[in-house]
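Please look through the structure below before reading on. The text then goes through selected parts of the fold in order.

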Amino acid sequence: GKLGESYYCQYRVHIDPQTIAWYEERAQVVEDFHGNRKTLGVIIDITDRKYAEEQLRESEERFKQIADTMPQIVWVTRPDGYHTYFNRRWFEYIGAPEELTKGDGWSIPLHPDDQQRAKLRWQQSLQTGEAYEIEYRFRRHDGTYRWFLGRALPVYDSHGRISTWCGTCTDIHDFKESEAARQKFMTLVENNNDFI
């Protein structure tokens with residue numbers, strides 16, 4: 001081969017009918033002190049890494065399947081609050097593509113009157129690590145706003161640092177409306193003694 005040319009591949013080897021091993025091979029064409037070209041390389045057993053990657057993929061897939069079957073909106077962020085995942089419920093509700101709500105885009109469908117309060121509360125949780133809880137309204141794909149209870153907790157790594165935030169948004173609109181109607185009725189009763 002040409003001087004400096006490199007080679008890389010990964011492959012499987014059947015050790016026995018039930019056992020497969022993975023190897024990674026890297027090589028490069030070099031020149032020795034006499035000007036002779038040789039291939040210098042290394043073969044590394046990457047079986048454990050491949051199985052760990054496979055288990056991680058399966059674990060992520062199971063998480064997504066579980067999250068997509070939940071009645072709530074489920075979301076995940078990086079430690080800095082950048083949104084990296086929403087379950088299918090979120091996209092069904094807002095009717096927008098994934099690219100629109102990555103990062104800070106999650107606040108686009110947030111009611112304008114709730115944006116500042118939500119931002120301040122989220123920043124407080126990010127800075128302190130305390131649980132996030134807030135009631136706010138999100139615009140549905142048809143343009144109507146509904147009330148949600150947003151909650152999130154930090155997930156810590158083995159060093160005690162926040163690695164992600166996992167949260168949910170639960171639709172509480174019907175409850176909020178019935179509570180408002182109950183309050184209105186109670187006020188009417190209290191202000192009108194003849195009513196009883």
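The paragraphs below take up a hairpin, a helix, a loop residue and a cavity.

This is a predicted model, in which local features need pLDDT of at least 70, side-chain atom pairs count only at pLDDT 80 or more, and totals for chains, interfaces and linings use all residues. Residues are numbered from 1 along each chain as its sequence is written, and side-chain values use heavy atoms, with hydrogens and water left out.

Helices (H or I, at least four residues) and strands (E, at least two) are DSSP runs, numbered from the N terminus. Strand 2 (residues 19–31) and strand 3 (residues 37–45) run antiparallel and are joined by nine bridges; strands pair if DSSP finds at least two bridges between them. One of the bridge partners is Asp45 in strand 3, which is matched with Tyr23. The two strands, 2 and 3, make a hairpin with five residues between them, and Gly35 in the turn has a positive phi of about 85°.

Helix 1 (residues 47–69) comes next. Its 23 residues reach 33 Å from the first C-alpha to the last, close to the expected 33 Å, where the expected span is 1.5 Å times one less than the number of residues. Thr47, Lys50, Ala67 and Asp68 are the buried residues of helix 1; buried means under 20% relative accessible area, exposed over 50%, and partly exposed in between, with a 1.4 Å probe and protein chains only. These buried residues pack against strand 1 (6–16), strand 2, strand 3, strand 4 (73–77), strand 5 (83–86) and helix 2 (88–94).

Lys102 sits in the loop between helix 3 (98–101) and helix 4 (112–128). Lys102 counts as partly exposed because its relative accessibility is 31%. Leaving aside neighbours within four places in sequence, Lys102 is in contact with Tyr82, His83 and Thr84, contact meaning heavy atoms within 4.5 Å. The C-alpha atoms of Lys102 and His83 are separated by 5.5 Å, although the two residues are 19 apart along the chain.

His83 appears again in the lining of the largest cavity, along with Trp75, Phe86, Trp90, Trp106, Trp122, Tyr132, Tyr136, Phe138 and Cys169. A cavity is a set of points on a 1 Å grid over the protein atoms alone where a 1.4 Å probe fits but cannot get out, and lining residues have an atom within 4 Å of a point. Strand 6 (132–139) and strand 5 each supply at least two lining residues, and strand 6 gives the most, with three.

Technical notes. 1 Å grid on protein atoms, 1.4 Å probe; cavity = no way out; pocket = protein on both sides within 12 Å on 5 of 7 lines; lining within 4 Å.
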